[in-house]
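Biologist: Could you take a close look with me at how the parts of this model pack against one another? I'd love a connected walk through it.

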2 protein chains.
Amino acid sequence: MIIIGEKINGAIPSVAKAIAAKDADFIRNLAKAQSDAGSAFIDVCASVENSIELETIKWLIDLVQEVTDTPIAIDSPNVRICAEAMKFCRKPGLINSVSMEGDKIEVVFPLIADSKWECVALLCDDTGIPQDSEKRLEVFAGIMKKAKEYNIDPSRLHIDPLVQMLCTSEDGINTVVEVIKEIKKQYPNIHVTGGASNISYNLPVRKLVNQAFLVLAINSGMDSGIINPLNRDMMGMIYATEALLGQDEYCMEYIGAYREDKFGPQKLA
Amino acid sequence: MIIIGEKINGAIPSVAKAIAAKDADFIRNLAKAQSDAGSAFIDVCASVENSIELETIKWLIDLVQEVTDTPIAIDSPNVRICAEAMKFCRKPGLINSVSMEGDKIEVVFPLIADSKWECVALLCDDTGIPQDSEKRLEVFAGIMKKAKEYNIDPSRLHIDPLVQMLCTSEDGINTVVEVIKEIKKQYPNIHVTGGASNISYNLPVRKLVNQAFLVLAINSGMDSGIINPLNRDMMGMIYATEALLGQDEYCMEYIGAYREDKFGPQKLA
């Protein structure tokens, strides 16, 4: 599982506070902890007003790079900010995200065409999120056409099928599972990603729904996740699922991660 | 999910102690609590020496029937004890279990042929537990041939594919998943059952493995489980999984179970 550590996000109140107060240590600690917990990318999202987004994201990226070599996932709804922020990164990372909305792909794909940068692509377009799997796969086909045009290998793409809240769904996650399976069938090397908490919106005991969702999503082919690697139960559940799915012979990874204190009752320092 | 409440089992030290001390209240309370938590059957297993097994199981069954109408699952490795104990039950329950080992089926199937009794059937025979799915399905075919002979509808059978510990497996649970899917394909009305804790034997933080296993097993078709209904996280995970799989429109069952205090932070009485 490719973990995209989600904690440095101005939408989280404690992070917003740290950004406003220029609390560099808070950000550095979050970066270090997520890196130590096994993140493949550290997501950086300013969530501030437009006029200061670029300078804020630069400040955040610089702080992350002071404490870890883990690549950055540049996270902004504005792809032009993503494009500018690429310059602050010492090594290729991940753009989070493009979609078939507006000219997002036209802005980003040329920039990452001849590079090792990866990119999250959401299955939505100017009409929003298609409700049935057929239409979502049409959006996916559009993205892949563009990727081919710019010679971006599927292995550099993380497709986010956009999981919606379960409480208003009539078929559970069946549509999403169908979409994930078809995507992986068409492009075995592509990554499928997503957040793991939208699903439980408005429901009680959200962590149970989030955890069960993650197990089913991994089973259907999700191999990348925008998640909180400091959530020990979630991380343990990922390792357990990989072992159950036969991706971890004799549970060596599961046992190793436990010994490294990545999940289970916290060991005393 | 058909819950077979597993707590009244002499293999559990506190229950063994209660049996030895003839602590009737302890047994009654366990029966009542498991019934309240949503058990479809209350499993009763004496786990005592042969000479006192039948009288012990009678004592247990009588106590359970004092406090609940929930049917009994008679649990003994000795099918002759199961056959005798059927007489103590006020209503049809479940025999736990037969297999293709020895004459087990020949003893039990005639007794339940013209009844509403249900039966757990394990996929093993005199040679033990077959390691590959093909051989397990051969054992299954043998069981179904016998069931047909005695006119036992598949809907009265709970097939236990016998999940073995993950730590010694090279393919995770792929073999078991394959077997479950094929069984449900052949007989859509049959039940697939199993315990949810063998899987995690010898591994750290067993509850994570047990929970992830249950999610994957339900996803593949398991619809019955010999589990502890007083384990709130496990119960919540079952409700969450059913909702995610589209078996619980708008999460009404999930929300209802939460309101009835079946999972989540325990409400104060």
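Biologist: Which domains does the domain assignment of chain A give? Please start there and carry on to the contacts.

Modeller: Happy to! Please keep in mind that this is a predicted model. The domain assignment splits chain A into domain 1, covering 2-229, and domain 2, covering 231-262. Their C-alpha centres are 23 Å apart, and the contact draws on 15 residues of domain 1 of chain A and nine residues of domain 2 of chain A. Between them, domain 1 and domain 2 of chain A bury about 1100 Å², with 72% of that area on carbon and sulfur atoms. On the domain 1 side, Gln211(A), Val215(A) and Ile218(A) stand out: they supply 41% of the area that domain 1 of chain A buries against domain 2 of chain A, more than any other three residues.

Now to the meeting of the two chains. Here 39 residues of chain B are in contact with 39 residues of chain A. The chains bury about 3200 Å² between them, and 73% of it lies on carbon and sulfur atoms. From chain B, Leu208(B), Leu244(B) and Tyr250(B) provide 22% of the area that chain B buries against chain A, more than any other three residues.

One helix pair lets us see the chains meeting in detail. Helix 8 of chain A (residues 206-220) packs with helix 9 of chain B (residues 232-244) at an angle of about 60°, their axes being 9 Å apart. Because of that angle, helix 8 of chain A counts as oblique to helix 9 of chain B. Their crossing is right-handed. Helix 8 of chain A brings Leu208(A), Val209(A), Gln211(A), Ala212(A), Phe213(A) and Leu216(A) to the contact, while helix 9 of chain B brings Asp233(B), Gly236(B), Met237(B), Ala240(B), Thr241(B) and Leu244(B). By type, the residues of this contact are eight nonpolar, three polar and one charged. You have already met two of these names: Gln211(A) in the domain contact and Leu244(B) in the chain contact.

For a helix pair inside chain A, look at helix 6 (residues 133-149) and helix 7 (residues 174-186), whose axes come within 10 Å and cross at roughly 35°. This crossing of helix 6 and helix 7 of chain A is right-handed too. Ser133(A), Arg136(A), Leu137(A) and Phe140(A) of helix 6 meet Thr175(A), Val176(A), Glu178(A), Val179(A), Glu182(A), Ile183(A) and Gln186(A) of helix 7. Those residues comprise five nonpolar, three polar and three charged.

Key
Residues numbered from 1 in each chain as written. Chains lettered and ligands numbered in written order. Predicted model: local features only at pLDDT ≥ 70, side-chain atom pairs only at ≥ 80, totals over all residues. Heavy atoms only, no water. Axes fitted to C-alpha atoms, helices over the stretch in contact; angles between N-to-C directions. Helix = DSSP H or I, 4+ residues; strand = E, 2+ residues; numbered from the N terminus. Parallel < 35°, antiparallel > 145°, perpendicular 65-115°, else oblique. Left-handed = near helix turned anticlockwise from the far one by under 90°. Contact = heavy atoms within 4.5 Å. Nonpolar A, V, L, I, M, F, W, Y, C, P; charged D, E, K, R; others polar. Domains from an automatic or database assignment. Buried area = accessible area lost by both parts, 1.4 Å probe.
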